[in-house]
Amino acid sequence: MFDDLFFTYQNLIYALGINGLLALAMYVVLSVGQLSLGQAAFAGLGAYSGALMSKWLALPFWVVLPASTIVPVCFALAIGVPTLRLSGVYLAIATIGLGEVLRAVYLNTDDLLGTEFFGGPMGLSGIPQRADVALIYGVLLGAIIVLWLVGRSGIGRAMAAMEQDELAARVLGVRVGRVKMAALVASAVLAGLAGSLGAHVSSFIGPNEYGFQPAVAILSYALLGGIGTPLGPVVGAAVLTLLPELLRGAADLKGVFNGAIIVLVVLFLPRGLLPFRLRRRAA
Amino acid sequence: MFAQQLVNGVLLGATYALFALGFTLMFGVLRVINLTYGCYFSVGAFLALFAVRLAGMSIWTALPAAAVGTGVIAIVVDWLLLTRLRRVGAPELSSLMVTLGAALAIYAAGTALLGPDIRRLPPGLVKGLPMIVGGVFITPTQILILGATGLIVGLLVWLIRFTRVGLAIRAVAEKPDAAGLMGVDTARAAMLVSFVSGALGGAAGVLIGLNFNAIQPYMGEEMMLRGFIVVIVGGLGDIRGALLAGLLLGVVEVFTAGYIASGLKEAVSFLILVAVLWTRPAGLFGRATAQRA
């Protein structure tokens, strides 16, 4: 009975955990007052690089999973270093652009080089199933705990200060540039892990899974849940992953839904569903 | 071959410039990165398609009608999404997120309503035989694109530099509060800028739709990548920069496709964007002030 239930909803259970991780990847960046739309692109890089390592190098998964974060982190550095010293709009623009470009790269590289790496529009299939529910939720739980501890520490206080007023935080001695870069790298790590885990449970990945629509959906998770604590984004991801499943026939309108949520939350509910903030001891 | 590529590149670049002008104008005056801007591109193309297919209009009337229609839609979208945020003086991130969410909702709704298939304008919309100048083929469609782009850009420059409303717009771009105190109706200026930007985006959509004869709801989203590259390479808010960078991008894309590989044109353009961000964040021509954090 329980096995049946698990089998029917297997993909949903995976998706809940993976979307929770992606929502955390968004949370890290939002909580320093930046907007990066690169999480889907980072997840795609993690998924493709992880899948290629498993398929062609036949490396064990405990090597592949951490190694899947290398490529996303390199891209985060290449984009973050020039944009993070400018105002927030540059990072947003460059990361949306990154998603578009990578899609074109996955689609066209094989034709160009005559290789069979990315599988073009057909995507990459036959990825060995290495991840499972325990691993996905273990990583998710670990990420929540780490982010919670960091959030309560002095670094968390610095992040909160930056989100409120970057100039004031800088005056008070916060190394704004470093914290922003660290947040973007952490975001790339989380998204890369999420992408690689996703690829190793679904056995198939395609270029359109990491495009514009998923990128914006991830933002809607974090905003709906609220970014006061790491739990908010995870709850937001769970609600927005389950809702289309409950409302039959709403799957086509998922994009409309995710988009409308962002508009409504920013305009009318700026602190999200869980408006609590992390408690910190007085300094 | 080289001359032909150059002509094709300049023509493509002219439409990129037209598209990016509206985007950069919106940022320059309203200080908002409006990500629904890509939607106007799709909306313009579809309005023209419907005008031609359903109302039987010629392209000469369909193009201005689509541009005006898109401009009106842009006013409504701006009013619905941004007036509230402007009033409370919300941080720039909020307007970015709102327009991003709205863009996704509009694209997804458009796809649900119209379907994801590629639609085409009826053949023979622009009559006439291709001209051959010095061994270079130029189709009547290309002449229409170049003529329309030149006319629209000329009108825009005239509006901004030589009219009273243009002066008001420039004053609002410079310092909105001070402009308001000097008696400029800032809300009206903002509305006018939304209209003009929407019309530019819509017109670019019609012209690109004509150029490639392929129209589908998500076309604006793909175009936004070009928009981003052009406005950043040209300098955010810099109109002359956007014109030059648009032409440059068109030529670069056509040459990459012609001499290296067509699948690489996005990647090459993006490399240019990242290189400019690394070295000249105020734009290639350095006139825009880079918004330092």
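Start with how chain A is wired: of its contacts between residues at least 6 apart in sequence, 78% join residues at least 24 apart. Bear in mind that this is a predicted model. Chain A has twelve helices and two strands, and walking along the sequence you meet them in the pattern α-α-α-α-α-β-α-α-α-α-β-α-α-α. The radius of gyration of chain A is 19 Å, close to the 19 Å that the globule rule gives for 283 residues, so the chain is as compact as a globular protein of that length. If you'd rather think in box dimensions, the C-alpha trace of chain A spans about 55 × 45 × 35 Å along its principal axes. Buried residues account for 51% of the 283 residues in chain A.

Now for a helix pair inside chain A. Helix α2 (residues 39-57) and helix α9 (residues 176-202) pack with their axes 7 Å apart, at an angle of about 50°. That angle makes α2(A) oblique to α9(A), and their crossing is right-handed. On the α2(A) side, the residues making the contact include A:Phe42, A:Gly46, A:Gly50 and A:Ser54; on the α9(A) side, A:Ala188, A:Gly192, A:Gly195 and A:His200 are among them. Sorted by class, this contact has ten nonpolar, eleven polar and no charged residues.

Next, look across to the other chain. Here 41 residues of chain A are in contact with 38 residues of chain B. On the chain A side, the elements that give two or more residues are α4 (70-83), α5 (88-113), α10 (212-225) and α12 (254-268). Of these, α5(A) gives the most, with 15 residues. The chain A side as a whole divides into 26 nonpolar, ten polar and five charged residues.

One helix pair between the chains is worth zooming in on. The axes of α12(A) and helix α4 (residues 92-114) of chain B come within 7 Å and cross at roughly 155°. That makes α12(A) roughly antiparallel to α4(B), and the crossing of this pair is left-handed. From α12(A), the contact draws on residues including A:Val256, A:Gly259, A:Ile262, A:Val263 and A:Val266. From α4(B), B:Met97, B:Gly101, B:Leu104, B:Ala108 and B:Ala112 are among those taking part. The residues of this contact divide into 16 nonpolar, five polar and no charged.

Terms used. Residues numbered from 1 in each chain as written. Chains lettered and ligands numbered in written order. Predicted model: local features only at pLDDT ≥ 70, side-chain atom pairs only at ≥ 80, totals over all residues. Contact = placed C-beta atoms within 7 Å. Helix = DSSP H or I, 4+ residues; strand = E, 2+ residues; numbered from the N terminus. Nonpolar A, V, L, I, M, F, W, Y, C, P; charged D, E, K, R; others polar. Axes fitted to C-alpha atoms, helices over the stretch in contact; angles between N-to-C directions. Parallel < 35°, antiparallel > 145°, perpendicular 65-115°, else oblique. Left-handed = near helix turned anticlockwise from the far one by under 90°. Rg over C-alpha atoms; globule rule 2.2 N^0.38 Å. Buried ≥ 20, exposed ≤ 12 C-beta atoms within 10 Å, placed from the backbone.
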